[in-house]
Every structure is written in structure tokens, then in C-alpha cells.
Amino acid sequence: MASLLWFQGGACSGNTMSFLNAEEPSACDLVTDFGIDIAYHPSLSMEFGEAAQRLFRQYASGEKQLDVFVYEGTVMMGPDGSGRYDMFADRPMKDWVAELVEQATFVVAIGDCACWGGIPATAPNPTDSIGLQYLKRDAGGFLGSDWRSKSGLPVINIPGCPAHPDWVTQILVAVASGRAGDIALDELQRPQTFFKTFTQTGCTRNQYFEWKESTESFGEGTRKGCLFYEYGCRGPVTHSPCNRILWNKHSSKTRAGMPCVGCTEPEFPFYDLAPGTVFKTQKMFGAIPKDTLPEGTDPLTYAAHAAAARVAAPAWARDDIFVV
């Protein structure tokens with residue numbers, strides 16, 4: 001059996017809650033069908049107190065073989081580099097992390113906080129939080145950009161706030177079952193199988209995006225129009241399969257009328273959640289999206305295309321698609 005140790009640093013436990021809702025495969029399937037020994041997970045394990053600490057020491061020293069180390073949450077460096085803002089089992093969490101990653105065959109960061117610092121690392125970052133191998137888009141993080149696990153791979157980043165549970169379980173199965181060689185990582189160390197396409201891929205509002213027809217009020221988000229032009233949707237520039245691998249096999253933010261907030265990208269939360277930036281498309285020249293232009297285009301080309309598309313839009317593009 002492949003051993004797996006899951007630690008939580010500076011986080012809200014949202015990725016654990018997501019993980020426990022996994023279906024393909026489920027958290028139980030990891031154990032019963034794929035032979036993963038979840039040696040410790042803060043929400044699943046029976047060990048606590050001295051028994052848990054003894055287990056941690058055995059893995060940290062190499063007495064027990066650690067195949068997969070999963071980390072959720074930021075590494076808190078404060079105050080003054082001591083890490084004592086986040087104490088765990090009588091030590092700063094960062095000290096446990098430093099020892100355990102050196103013993104692990106694979107290291108997997110779950111969620112934005114572990115990948116790039118997430119919301120806790122947003123200025124002024126009072127806890128000096130940092131991701132395992134990134135701080136926002138800057139490579140390095142807690143371990144340094146050149147760090148590699150025993151497998152020769154860097155940290156495998158599975159971002160999201162939270163990450164979709166099936167992204168997590170499928171990657172854990174791949175690394176634990178000897179198929180890590182099938183995982184191609186992008187430039188931010190995310191598995192390409194999930195993060196090569198955009199959130200827009202599979203969005204049910206793509207016909208409105210194509211004809212540049214915007215939702216006119218927030219409540220119309222499930223009925224007509226595209227949320228990209230006025231309501232801050234980042235679907236065309238966010239790498240995720242949220243509209244291909246649906247949440248609870250049922251829906252997604254955009255299908256429910258909620259703009260994509262770009263939570264799988266290192267810059268999330270964008271604009272540090274400044275007033276006037278949430279659920280509002282930032283524009284230049286009063287009309288062109290400022291930093292959410294679809295990849296591979298430029299402002300002038302986009303403006304010309306958008307103007308032509310609006311003129312050519314068929315009448316049905318302005319209609320409510322629901323008939324009652």
C-alpha cells in the first residue's frame with residue numbers, strides 16, 4: 001500500500017471538505033479500491049495526541065516510508081521567520097513540512113493557499129504566509145524553485161478555492177499507483193489534464209459570449225446573457241475544467257449564474273478584493289476588458305471583433321432562453 005500523510009497549515013479546511021465529497025473516485029475508494037494507506041488526515045484519522053506525534057516523527061525521520069505528502073493551507077513564516085503563528089504537535093508547522101517533504105516520494109499541494117499563498121498571502125499578509133513552491137506567480141515559495149521530491153518531480157499543484165474533489169482524488173490515485181509519469185505539468189506545476197483548458201470551455205453561456213451579449217442584471221445570470229462583459233467573470237482566462245467536470249456532477253459557478261472568480265490562478269483574489277472590483281468587469285477605454293481578454297488576442301483586435309459581433313448578433317441572442 002502507498003502511504004499518504006495529509007497536513008493542514010494556514011487554511012480554512014475548505015479543501016478537506018471538498019475532498020470528502022469526492023465521487024470519482026471517492027475518499028473511501030482511495031483505500032478500498034486503490035490501496036492507499038491514509039496514515040493521517042486531520043478529519044479522518046483515529047490517531048491523536050502522543051500516538052499521532054509518534055507517527056509524525058516516524059515519517060519525518062524516515063523510519064516509515066512516506067509515499068505521498070499532501071499539504072493544504074499556507075506555510076506561515078511569521079512572526080519573524082519563527083513559524084510560531086502556526087504551531088502543530090508542539091512545533092511550528094513549517095518545521096514539520098521541511099522534514100516531511102524530504103522523505104516523501106511525491107508532494108501534492110491542495111488549494112490556492114498551499115499552491116501560491118492564496119487569500120492569507122494577500123497584502124499586508126500579517127502571518128507571512130507563503131505557498132509550498134510559489135508566492136502568487138513568483139516561483140520559490142517555502143521550498144525554493146529548484147526543490148524536487150524523491151520522484152524527481154516538483155510540488156504538484158492542484159489549486160482552487162477549493163479544488164474540485166475529483167481533481168484531487170484522481171491525481172492521488174495516479175501518483176500512488178505508479179502512474180505519475182502520465183501526469184504532464186504546466187508552467188505553474190498544475191496537471192495539464194485539468195488545467196490546460198479554460199473555465200469557459202463547456203460554459204452554457206458561450207453563445208452569448210460569442211455574440212457579445214451581456215447579462216443586464218445580476219439575477220439574469222442563469223437565464224440570458226454573458227457574465228464576462230459587465231459582471232467580472234474570468235472564465236475566458238482562468239485555467240480549470242469547472243464546466244467539463246461539474247461540481248457534484250451537476251453544476252458550476254457560471255451555470256448557476258455566478259461569475260467565475262478565477263480561483264485557480266495565482267493572482268486570486270484579484271485586485272485584493274478592493275471596493276468596486278468584485279463582480280465588476282474592469283475596463284480600459286470604458287469598453288474593453290482590462291485584464292480578462294481571451295488569451296491570444298489584443299485590445300484592438302478584440303474591440304473590432306466585439307463591435308462586429310454585436311452588429312451581427314441574431315435576435316434570439318437577446319431573448320430569454322427559458323420559456324414558462
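Ala, Val, Leu, Ile, Met, Phe, Trp, Tyr, Cys and Pro count as nonpolar, Asp, Glu, Lys and Arg as charged, and the others, Gly among them, as polar. The model is predicted: local features need pLDDT of at least 70, side-chain atom pairs count only at pLDDT 80 or more, and totals for chains, interfaces and linings use all residues. Residues are numbered from 1 along each chain as its sequence is written, and side-chain values use heavy atoms, without hydrogens and water.

**Exercise 1.** Describe the largest pocket (an open set of points on a 1 Å grid over the protein atoms alone, with protein on both sides within 12 Å along at least five of seven lines; lining residues have an atom within 4 Å of a point).

Solution.
- Volume: the largest pocket holds about 260 Å³, taken as the space filled by probe spheres set on the points.
- Lining: of its 20 residues, Gly232, Val261, Thr277, Val278 and Phe279 are closest to the centre.
- Classes: 12 are nonpolar, 5 polar and 3 charged.

**Exercise 2.** Place Asn15 in its surroundings.

Solution.
- Element: Asn15 sits in helix 1, residues 14-19 (a DSSP run of H or I, at least four residues).
- Burial: Asn15 counts as buried because its relative accessibility is 12% (buried means under 20% relative accessible area, 1.4 Å probe, protein chains only).
- Contacts (heavy atoms within 4.5 Å): leaving aside neighbours within four places in sequence, Asn15 touches Glu72, Ile110, Gly111, Gly160, Pro162 and Ala163.
- Polar atoms: a side-chain polar atom of Asn15 lies 2.8 Å from the backbone nitrogen of Ala163.

Key
On a 1 Å grid over the protein atoms alone, a cavity is a set of points where a 1.4 Å probe fits but cannot get out, and a pocket is an open set with protein on both sides within 12 Å along at least five of seven lines; lining residues have an atom within 4 Å of a point. Helices (H or I, at least four residues) and strands (E, at least two) are DSSP runs, numbered from the N terminus. Buried means under 20% relative accessible area, exposed over 50%, partly exposed in between (1.4 Å probe, protein chains only). A polar contact is a pair of N or O atoms within 3.5 Å; within protein, one must be able to donate a hydrogen and the other to accept it, and residues adjacent in sequence count only if both atoms are side-chain atoms.
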